[in-house]
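Welcome, and please open your viewer. We will go from stop to stop, selecting a few residues each time and looking at what is there.

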Amino acid sequence: VFSAWVGLLFNLLYALYNGVLGIAGASLWFITMCAYYTVLGTMRFFAVLSERKSGSGASLDSEYLVMKISGALLIVLSFVLSGVIYISISQNIAMKYGEIIMITIAAYTFCKIGAAVTKAVKQRKNPSPLLAVIRNIEYAEVAASVLTLQRSMLVSFGEMSAEKARVMNILSGAAVCLFVLALGISMIIKVRKKG
């Protein structure tokens, strides 16, 4: 739950940053990124609120309510993410970085993947719906990070033709959107099976 607190803070700050840039520059890209981080922050907020409400731990009913809300928000997030991907591909938005910065971004992304896998292994026998919600939020965030890394690597190191890079970005973007959508649907199905 502590990681959800930290993630919530960063999501809200990044949403605010993108929102200000989007409004100041009338940029649909930054406004869409603001929406993406706002949805992530909202999911983390519900998870943190649920845990905090009951002091030492959330009641099972409130955890399932958070799971249902977060599942619906992950579905919304998949559509917001598809908007981000569409805008970035149609406007050819991808950041080109130097080799050292790209290696740092790649290392950070792989650390996020490692942390998510480690958490999943450690918590695999814990039946808490709240922990499942927090893990799924992290999976969605990691998937988007991998997509961003791939796009930046294609621009920074790519010797691939523009058309092949575009096809690769479309396919990987679709895969990430479907993955996030599947996470949301699976959470809603779990809540319905419980009920």
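**First stop: a tyrosine pair**

Select Tyr37 to begin. With a relative accessibility of 15%, Tyr37 counts as buried, because the cut-off for that word is under 20%. Keep in mind as you look around that this is a predicted model.

Now add Tyr14 to your selection. Tyr14 has 38% relative accessibility, so this residue counts as partly exposed. How are the two rings of Tyr14 and Tyr37 placed? Their centres are 4.6 Å apart and their planes meet at 85 degrees, so the pair is edge-to-face: over 60 degrees is what that label asks for.

Colour the helices next. Tyr14 belongs to helix α1 (residues 2-25), while Tyr37 belongs to helix α2 (residues 28-53), so the pair ties together parts that are 23 residues apart in sequence.

**Second stop: the ring cluster**

Keep Tyr14 and Tyr37 on screen and add Tyr17 and Tyr36. Ring pairs join these four tyrosines, Tyr14, Tyr17, Tyr36 and Tyr37, into a cluster. The model has four aromatic pairs in total.

**Third stop: the nonpolar core**

Stay with Tyr36, which will lead you inward to the largest nonpolar core, a set of 37 residues. Select Tyr36 together with Met43, Leu74, Leu77 and Leu81: these are the residues with the most contacts inside this core. Which helices each supply at least two residues of the core? They are α2, α3 (60-90), α5 (129-157) and α6 (162-194). Of these, α3 gives the most, with twelve residues.

Zoom in on Met43 for a moment. Setting aside residues up to four places away in sequence, Met43 touches Ser70, Leu73, Leu74, Leu77 and Ile137.

**Fourth stop: a buried lysine**

Move to helix α5 and pick Ser145, which lies there. Ser145 has a relative accessibility of 16%, so this serine counts as buried. Apart from neighbours within four places in sequence, Ser145 is in contact with Thr109 and Lys112.

Click on Lys112, and you will be in helix α4 (residues 99-122). Leaving out neighbours within four places in sequence, the contacts of Lys112 are Glu141, Val142 and Ser145. Lys112 is buried. Why does this lysine have no salt bridge? The nearest side chain of opposite charge, Glu141, is 4.3 Å away, and a salt bridge needs the charged atoms within 4 Å, so the pair does not count as one. Show the side chains of Lys112 and Glu141 to finish the tour at this pair.

Definitions and conventions. Residues are numbered from 1 along each chain as its sequence is written. This is a predicted model: local features need pLDDT of at least 70, side-chain atom pairs count only at pLDDT 80 or more; totals for chains, interfaces and linings use all residues. Side-chain values use heavy atoms; hydrogens and water are left out. Rings of Phe, Tyr and Trp (its six-membered ring) pair if their centres lie within 6.5 Å; planes under 30 degrees apart count as stacked, over 60 as edge-to-face and the rest as tilted. Helices (H or I, at least four residues) and strands (E, at least two) are DSSP runs, numbered from the N terminus. Buried means under 20% relative accessible area, exposed over 50%, partly exposed in between (1.4 Å probe, protein chains only). A nonpolar core is a set of buried Ala, Val, Leu, Ile, Met, Phe, Trp, Tyr and Cys residues joined through side-chain atoms within 4.5 Å. Contact means heavy atoms within 4.5 Å. Lys and Arg count as positive and Asp and Glu as negative; His and the chain ends are not counted.
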